[in-house]
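User: Could you take a close look at one part of this model for me, the first strands and the core they lead to? I'd be glad of a connected walk through it.

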Amino acid sequence: MSEIKEHMKIIGKDGAHVGTVDRLEGNRIKLTRKDSPEGHKDHHHYIDTKYVGAVEGDTVKLSVNADAVPKQEAA
């Protein structure tokens, strides 16, 4: 997980865009606000690092398809 850096692209197993890394916080990747869905632009969303399949170059590749990624809201 130490390879995950700010502004990296996050894609699903299917290659679809999921978001952009804001930063790593513990065992969660904090997404930039611009990647939040409509109606949720005022707060960040997170993806658990257990869904990371690989980090290649400037891209975080998840082990699940983009539409199956559970995004958590900031607590």
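Analyst: Happy to. In this predicted model, strand 1, residues 9–11, pairs with strand 2 in the antiparallel sense, over three bridges. Within that pairing, Ile11 lies opposite His17 of strand 2. The two strands make a hairpin with five residues between them, and Gly15 there has a positive phi near 90°.

Strand 2 also pairs with strand 3, again in the antiparallel sense, this time over four bridges. Here Val21 has Leu31 in strand 3 as its bridge partner. This second hairpin has two residues between its strands, and Gly26 in the turn has a positive phi of about 65°.

One more backbone angle deserves a look. His7, in the segment before strand 1, has a phi near 75°, which is positive although the residue is not glycine. Most residues other than glycine have a negative phi. As for its surroundings, His7 counts as exposed because its relative accessibility is 57%, and the cut-off for that class is over 50%.

Now to the core. The largest nonpolar core has 13 residues, and those with the most contacts inside it are Ile10, Ile29, Val60 and Leu62. Strand 2 (17–25), strand 3 (28–31) and strand 6 (59–62) each supply at least two residues of this core.

Ile29 is a good place to see how the pieces meet. Leaving aside neighbours within four places in sequence, Ile29 is in contact with Ile4, Ile10, Val21, Arg23, Leu24, His45, Tyr46, Ile47, Thr49, Val52 and Val60. Two names in that list tie back to what came before: Val21, the bridge partner of Leu31, and Val60, one of the core residues with the most contacts inside it.

Val52, also in contact with Ile29, takes us to strand 5, residues 52–56. Val52 counts as buried because its relative accessibility is 14%, and buried means under 20%. With neighbours within four places in sequence again set aside, Val52 is in contact with Met1, Ile4, Ile29, Val60, Lys61, Leu62 and Ser63. Among these, Val60 and Leu62 are core residues with the most contacts inside it, and Ile4 is also on the contact list of Ile29. Finally, a distance you can check in the viewer: Val52 and Lys13 are 39 residues apart in sequence, and their C-alpha atoms are 9.6 Å apart in space.

Conventions. Residues are numbered from 1 along each chain as its sequence is written. This is a predicted model: local features need pLDDT of at least 70, side-chain atom pairs count only at pLDDT 80 or more; totals for chains, interfaces and linings use all residues. Side-chain values use heavy atoms; hydrogens and water are left out. A nonpolar core is a set of buried Ala, Val, Leu, Ile, Met, Phe, Trp, Tyr and Cys residues joined through side-chain atoms within 4.5 Å. Buried means under 20% relative accessible area, exposed over 50%, partly exposed in between (1.4 Å probe, protein chains only). Contact means heavy atoms within 4.5 Å. Two strands pair if DSSP finds at least two bridges between them.
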